[in-house]
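Work through the exercises below with the sequence and the model open. Each task is followed by a solution in steps.

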Amino acid sequence: MEGAELELERRSKFLSGLIEKKKAKEHQEQPSKISVRVRAADMPIVLQDRAFRCARDQLDSMPGKLDSKRLALALKKEFDAAYGPAWHCIVGTSFGSYVTHSTGGFLYFSIDKVYILLFRTVVEPLDR
């Protein structure tokens, strides 16, 4: 009887180990949840989501220290290419601002301790 109990305990530990390994693997495969906090916005949700994803991708690709200039340039280029010119982006951990923006073209948000201000200005053609 004692041998059967030992075998049952061994199998139970083995199965528990398999379950733990599977849970750990599933946890690693899950996409990282974007922890974003919107501070102020005058922008459609679709554009906001695109900004969040782009910012998160750029932050994930930066090893170690924050490169705010690179992040700002990436967001600006992304939005210039997708939604036309005159997008501006400010990135940092501590800054103040007062900007004029086009209607529907303003987003101020944070990811962890990085604050991002993305806005669009009006582009008027030059008279010749």
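**Exercise 1. Find how strand β3 (residues 106-111) and β4 pair, and over how many bridges.**

Step 1. β3 and β4 run antiparallel and are joined by six bridges. Strands here are DSSP runs of E with at least two residues, helices are runs of H or I with at least four, and both are numbered from the N terminus. Two strands count as paired if DSSP finds at least two bridges between them.

Step 2. One bridge can be located by its residues: F109 has I116 in β4 as its partner.

Step 3. The two strands form a hairpin with two residues between them.

This is a predicted model, in which local features need pLDDT of at least 70 and side-chain atom pairs count only at pLDDT 80 or more, while totals for chains, interfaces and linings use all residues. Residues are numbered from 1 along each chain as its sequence is written, and side-chain values use heavy atoms, with hydrogens and water left out.

**Exercise 2. State the order of the strands in the open sheet, and which are the edge strands.**

Step 1. The sheet has four strands in the order β1-β3-β4-β2, with antiparallel pairing.

Step 2. β1 (36-42) and β2 are the edge strands, as each pairs on one side only.

Step 3. From one strand to the next, the twist averages 10 degrees. Angles run from 0 to 180 degrees between N-to-C directions, and axes are lines fitted to C-alpha atoms, for helices over the stretch in contact.

Step 4. On one side, β1 and β3 are joined by six bridges, and A41 has L107 in β3 as its bridge partner. On the other, strand β2 (residues 87-92) pairs with β4 over six bridges. Here H88 stands opposite F119, and G92 stands opposite Y115.

**Exercise 3. Decide whether A86 and D112, which both have a positive phi, are buried or exposed.**

Step 1. Buried means under 20% relative accessible area, exposed means over 50%, and partly exposed lies in between (1.4 Å probe, protein chains only).

Step 2. A86 sits in the loop between α3 (68-83) and β2, with a phi near 80 degrees. Its relative accessibility is 12%, so A86 counts as buried.

Step 3. D112 sits in the loop between β3 and β4, with a phi of about 55 degrees. Its relative accessibility is 53%, so D112 counts as exposed.

**Exercise 4. Explain why strand β4 (residues 114-120) is described as largely enclosed.**

Step 1. Five of the seven residues of β4 are buried, so the rest of the structure largely encloses this strand.

Step 2. β3 is mostly covered, with five of its six residues buried.

Step 3. I116 of β4 shows some of the surroundings: beyond its neighbours within four places in sequence, its contacts (heavy atoms within 4.5 Å) include A55, L71, L75, C89 and F109.

**Exercise 5. Find which residues touch the most other members of the largest nonpolar core, and which element gives the most to it.**

Step 1. A nonpolar core is a set of buried Ala, Val, Leu, Ile, Met, Phe, Trp, Tyr and Cys residues joined through side-chain atoms within 4.5 Å.

Step 2. The largest core has 21 residues, and L71, L75, F109 and I116 touch the most other members.

Step 3. Two or more residues each come from α2 (45-61), α3, β2, β3 and β4. α2 gives the most, with six residues.

**Exercise 6. Check the span of α2, then place this helix on the sheet.**

Step 1. The expected span is 1.5 Å times one less than the number of residues. For the 17 residues of α2 this gives 24 Å, and the end C-alpha atoms are 24 Å apart, which agrees.

Step 2. α2 lies across β1, β2, β3 and β4, at about 40 degrees to β3.

Step 3. Among the buried residues of α2 are L47, A51, F52, A55 and L59. The buried residues of this helix pack against β1, α3, β2, β3 and β4.
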